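Work through the exercises below with the sequence and coordinates open. Each task is followed by a solution in steps.

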Amino acid sequence: MMQKTSPVAVDQVDLPASSDVGTYPAPGEDALWPAIAVEAGGSVSPSLYNADLAPTRTKGRRWTAYSIFTLWANDVHSLGNYAFAIGLFALGLGGWQILLALGIGAALLFALLNFSGFMGVKTGVPFPVMSRISFGIRGAQIPSLLRGAVAIAWFGIQTYLASVVFRVLLVAMFPALAAMDKDSILGLSTLGWIAFAVLWVVQLVIVSFGMEMIRKYEAFAGPIILVTMAAIAVWIFAEAGGSIAWSSDNALQGGEMWLTIFAGGALWVSIYGTFVLNFCDFTRSAVSKKAVVRGNFWGIPINMLVFGAIVVVMAGGQFKINGTIIESPSDIVQTIPNTLFLVLACLALLILTIAVNLMANFVAPVYALTNLFPKRLNFRRAAWISGAIGLVILPWNLYNNPLVIVYFLGGLGALLGPLFGVVMADYWLIRRGKINVPDLYTESPLGAYFYKKGYNPKAIIAMVPAASVALLIAFTPAFAAAAPFAWFIAAGIAAVVYYLISDRRQRHDDVAGDAIAVASTH
């Protein structure tokens with residue numbers, strides 16, 4: 001069957017008046033809506049297209065292998081990841097077993113992220129637009145908003161956690177400020193509000209300058225984080241007398257050990273279940289597929305093994321010193337006796353947390369909101385709205401409420417595996433990478449991604465059993481043993497169901513988006 005194509009139609013639409021904020025192209029060669037519609041062979045709808053959602057031109061892209069690497073240099077070394085990996089030590093895994101668990105997860109992630117990243121390199125579109133391929137031009141709001149909702153909540157929570165480190169820094173530098181950390185206003189002390197507000201504004205200012213500024217910040221932060229974490233590991237190694245404990249007192253053995261190793265590797269992938277979904281938000285500006293592979297190689301398997309070695313030294317060194325198991329590097333930082341080094345370490349942790357927040361929890365909701373209101377929002381406006389939501393939800397109260405973390409964020413997170421399964425099965429197995437990029441921006445019923453009133457029923461049908469299984473595993477104690485593998489199970493079910501119910505005989509056109517592309521300012 002021939003795939004439907006859009007009729008030729010021209011929408012005379014002007015770029016929004018807000019184009020002077022810097023994220024829209026300047027009037028001239030990029031403000032070419034009517035010409036775009038003609039060259040694309042179809043109507044470009046203003047409700048689906050703006051300069052932030054448009055595909056990026058191949059020429060002029062700026063994300064190199066180093067840019068991709070620094071994403072992982074920051075994100076892998078996040079405090080949350082250290083807490084997870086040190087938790088494996090607490091569960092009874094020894095040094096080589098932790099490295100093996102992380103190595104298994106890294107190998108899987110390397111493959112998944114390459115497949116996800118290649119989609120962005122080819123099409124040049126962000127995740128909400130990429131979702132239109134499998135879910136339809138309107139149905140794409142489902143995966144986009146789910147991913148964005150998880151990210152906004154975690155943006156607020158991560159900013160709060162960074163503000164805790166900031167408070168330690170401020171009190172270390174100005175002890176008199178400790179008096180401002182004893183009251184409570186809506187669950188946060190006066191000093192806590194000041195620290196949170198400062199970090200909140202800093203992040204919003206960075207994001208206001210767009211993805212290019214995020215790229216520059218990640219490139220700046222990456223080396224600092226690697227050097228800082230390595231320095232902390234060397235210091236704790238010296239404090240432990242030049243040797244470490246290779247395991248805790250409750251070392252696992254036999255089948256239980258191997259199950260924990262594979263469960264740790266699977267959970268390591270699940271942690272990045274959000275990122276493998278919207279990795280195209282970054283690779284849409286990558287210079288080539290080779291740059292993505294090289295950046296992922298040094299940033300995932302190599303960097304993750306370095307991360308694992310630092311974890312083993314930190315956890316094993318501290319355990320040898322006093323028999324305790326730390327929860328994160330911040331526990332070690334607080335014990336540094338020298339005020340100057342304490343301040344420098346806290347600054348590095350703040351730089352790290354901001355870097356992680358920008359890439360993992362800011363970009364996704366910004367694009368989701370832009371996709372929801374493309375006529376009214378651009379990258380900068382959507383960033384401020386995302387930040388405002390992250391503030392008004394009072395994230396410190398969310399973080400301190402286990403029910404919210406488990407049932408709300410845990411429930412939303414459980415749905416990301418099925419989303420990934422549908423998107424990847426549709427792109428790689430059904431379409432084999434053949435995408436009609438201009439049709440991603442047309443509301444014509446004859447468009448390739450219009451489906452039924454803009455929704456693809458088959459994608460939603462495939463989601464139902466996969467999401468049901470994911471939620472069942474996530475919230476039913478009887479399935480606790482399967483919980484570490486829930487992401488894979490749900491993604492697999494969604495992919496298989498979608499593949500079986502899709503029309504695999506349909507012909508798919510491969511049309512580049514050059515005619516409607518904009519200069520890469522990302």
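Helices here are DSSP runs of H or I with at least four residues, numbered from the N terminus. The model is predicted.

**Exercise 1.** Place serine 134 in the secondary structure and decide whether serine 134 is buried or exposed.

Solution.
- Step 1. Serine 134 belongs to helix H5, which spans residues 127-135 and has the highest confidence, at 97.
- Step 2. The cut-off for buried is under 20% relative accessible area. Serine 134 is buried because its relative accessibility is 1%.
- Step 3. Leaving out residues up to four places away in sequence, serine 134 touches Val422, Val423, Asp426, Tyr451, Asn456, Ala459 and Tyr498.

**Exercise 2.** Determine where the model's confidence is lowest and how the N-terminal stretch should be read.

Solution.
- Step 1. The average pLDDT of the protein is 87, and 91% of the residues score at least 70.
- Step 2. Residues 1-32 have a pLDDT below 50, yet in the model this stretch makes 81 contacts beyond near neighbours in sequence.
- Step 3. Low pLDDT means that predicted coordinates should not be read in detail.
- Step 4. Among the elements, helix H1 (residues 33-40) has the lowest confidence, with a mean of 51.

**Exercise 3.** Find which residues form the nonpolar surface patch and which helix gives the most to the patch.

Solution.
- Step 1. The patch consists of Leu429, Ile461, Val496, Tyr499, Leu500 and Ile501, and their accessible area together is about 530 Å².
- Step 2. Four residues come from helix H20 (residues 486-501), the element that gives the most.
- Step 3. Leucine 429 is in helix H18 (residues 416-430). Its relative accessible area is 44%, so leucine 429 counts as partly exposed.

**Exercise 4.** State how many disulfides the structure holds, and classify cysteine 280 and cysteine 346 by accessibility.

Solution.
- Step 1. The number of disulfides is zero.
- Step 2. Cysteine 280 has a relative accessible area of 2% and is therefore buried.
- Step 3. Cysteine 346 is likewise buried, with a relative accessible area of 2%.

**Exercise 5.** Locate serine 288 and give the C-alpha separation between serine 288 and arginine 61.

Solution.
- Step 1. Serine 288 sits in the loop between helix H11 (280-283) and helix H12 (289-322).
- Step 2. With 27% relative accessibility, serine 288 is partly exposed.
- Step 3. Serine 288 and arginine 61 are 227 residues apart along the chain, while their C-alpha atoms are separated by 8.8 Å.

Definitions and conventions
Residues numbered from 1 in each chain as written. Predicted model: local features only at pLDDT ≥ 70, side-chain atom pairs only at ≥ 80, totals over all residues. Heavy atoms only, no water. pLDDT = per-residue confidence, 0-100. Helix = DSSP H or I, 4+ residues; strand = E, 2+ residues; numbered from the N terminus. Contact = heavy atoms within 4.5 Å. Buried < 20%, exposed > 50% of the residue type's maximum accessible area, 1.4 Å probe, protein only. Patch = residues over 30% accessible without salt bridge, like charges linked within 9 Å, V, L, I, M, F, W, Y side chains within 5 Å. Areas by Shrake-Rupley, 256 points an atom, 1.4 Å probe, with all protein chains shown as cover. Salt bridge = Lys/Arg side-chain N within 4 Å of Asp/Glu carboxyl O. Disulfide = S-S within 2.5 Å.
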